[in-house]
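Let's take a relaxed walk through this protein, starting with a single helix and then zooming out. Have a look at the structure first.

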Amino acid sequence: MILYKEENEIIKEALKGLKLPDRVYIFDTTLRDGEQTPGVSLTVDEKVEIAINLDKLGVDIIEAGFPISSSGEYEAVKKIASLNLDAEICALARAVKEDIDRAIDCGVDRIHTFIATSPLHRKYKLKMSKEEIVEKAVNAIEYIKEHGIKVEFSAEDATRTEIDYLKEVYKKAVEAGADIINVPDTVGVMIPRATYYLISELRKEIDNISVHCHNDFGLAVANSLAAVEAGAIQCHVTVNGLGERGGNAALEEVVTSLHFIYGIKTKVKTEELYNISKLVEKLTEVKVQPNKAVVGDNAFAHESGIHAHGVLAHALTYEPIPPELVGQRRRIILGKHTGTHAIEAKLKELGYTNINKEQFKEIVKRIKSLGDKGKRVTDKDVEAIVEDVIGRV
Ligand code: KIV
Ligand code: ZN
């Protein structure tokens, strides 16, 4: 197995002295925060199909939805909770009795309850004092625990909250019985160093810490990893990084980084990552960008002559890991940047083995000229060019 922590001198040195966990829990919120992506609305059957596949993938916890938000959502969470999957099924609930009762009614294993703590939310949204918020959080946690259900507690907008107050809220949450506390970077303002600092501070007093990073500045995955470096044991993620605004930390990116860079285990079967990405793309109708890390169509594609030549000689020259490890495949793309080695390989792949030097030169010229016209050269284009050249030269 590729393991950069062991094989890369720079990473090895950089991680020296850190006490990394052996294992990180993957809390998937594709069906809750991911479904909050503008324009996305899944039917009960679609949610069930995704839940079954997330379970096969090996995530530890599936946040199936927010039951109070609609009757369809309630039905979906209840159905998923009844499937007896290996993953723990979780429902979201504000720290209010009505939400919690609805979640309990779904028969879930875990309730993720939250209340905002930042000055902005206290003043403009909740219109509550610091003390009232603590009281609400404690009451909600105690109420859930009375029903024998696991509690995950989030201080919404934690990363824009005064740190001493945040510590107090979380400590009271743990005293009230919260099994794990989650730290949401609700509008994605954290940077990795700040995340590391915050989680280290919280770790001084609390053991079970989770992170929930949003991607407004494109730092959700980096922040999630910084949290793990500081001792977080669980990451909230979504398939394809779906979520409100810039989305959430992408499951496939967090998991592959943990496995192949840090050597930290999760239960996720990485070879299934591409399949789940495609399923979620199809059902949500949110297209995965081609250059998306790990699951994008270009994640293991090579066009430039230098790169294609390198990869054909030894795949790791221009690939961080073999594509099969994440269920992907290598694609050699022909275009104006293509070199002769890639064209030779493509011709072989298409079954053309008897091409002479002169024909080959002409084929290369035509492929590049098609590329120069701004076209991505497909296998069909190559076949047409070859047939024409073989016929004429
Ligand atoms: O981003 C956020 O703050 C959330 C909470 C509900 C935890 O999704
Ligand atoms: Zn969120």
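## Helix α8

In α8, the buried residues are L166, V169, Y170 and A173. Here "buried" means that 20 or more other C-beta atoms lie within 10 Å of a residue's own, "exposed" means 12 or fewer, and "partly exposed" is in between, with C-beta atoms placed from the backbone. Looking down the axis of α8, you'd find these buried residues within an arc of 90 degrees, so they line one face of the helix. (The arc is taken from the directions running from the helix axis to the C-beta atoms.) On the other side of α8 sit D164 and E175, which are exposed.

What do the buried residues of α8 pack against? Their partners are α7 (130–146), β5 (150–156), β6 (180–185) and α9 (192–203). Two residues count as in contact if their C-beta atoms, placed from the backbone, lie within 7 Å. Right after α8 comes G177, with a positive phi near 120 degrees.

## A quick note on the model

This is a predicted model, where local features need pLDDT of at least 70 and side-chain atom pairs count only at pLDDT 80 or more, while totals for chains, interfaces and linings use all residues. Residues are numbered from 1 along each chain as its sequence is written, and chains are lettered from A and ligands numbered from 1 in the order in which they are written.

## Helix α12

Now for α12 (residues 273–284): its twelve residues should span 16 Å at 1.5 Å a residue, and the end C-alpha atoms are indeed 16 Å apart. That expected span is 1.5 Å times one less than the number of residues.

The buried residues of α12 are L273, Y274, I276, S277, V280 and T284. Down the axis of α12 they fall within an arc of 165 degrees, so these residues also line one face of their helix. They pack against α3 (44–57) and α11 (251–262). Next along the chain is E285, whose phi is positive, near 60 degrees.

## Around ligand 1

Which residues are around ligand 1? They are D33, F114, S154, E156, P184, T186, H212 and H214, each with its C-beta atom, placed from the backbone, within 6 Å of the ligand.

## The whole protein

Zooming out, the protein has 16 helices and ten strands. These are DSSP runs numbered from the N terminus: helices are H or I with at least four residues, strands are E with at least two. Of the 393 residues, 43% are buried, and the C-alpha trace spans about 85 × 50 × 35 Å along its principal axes.
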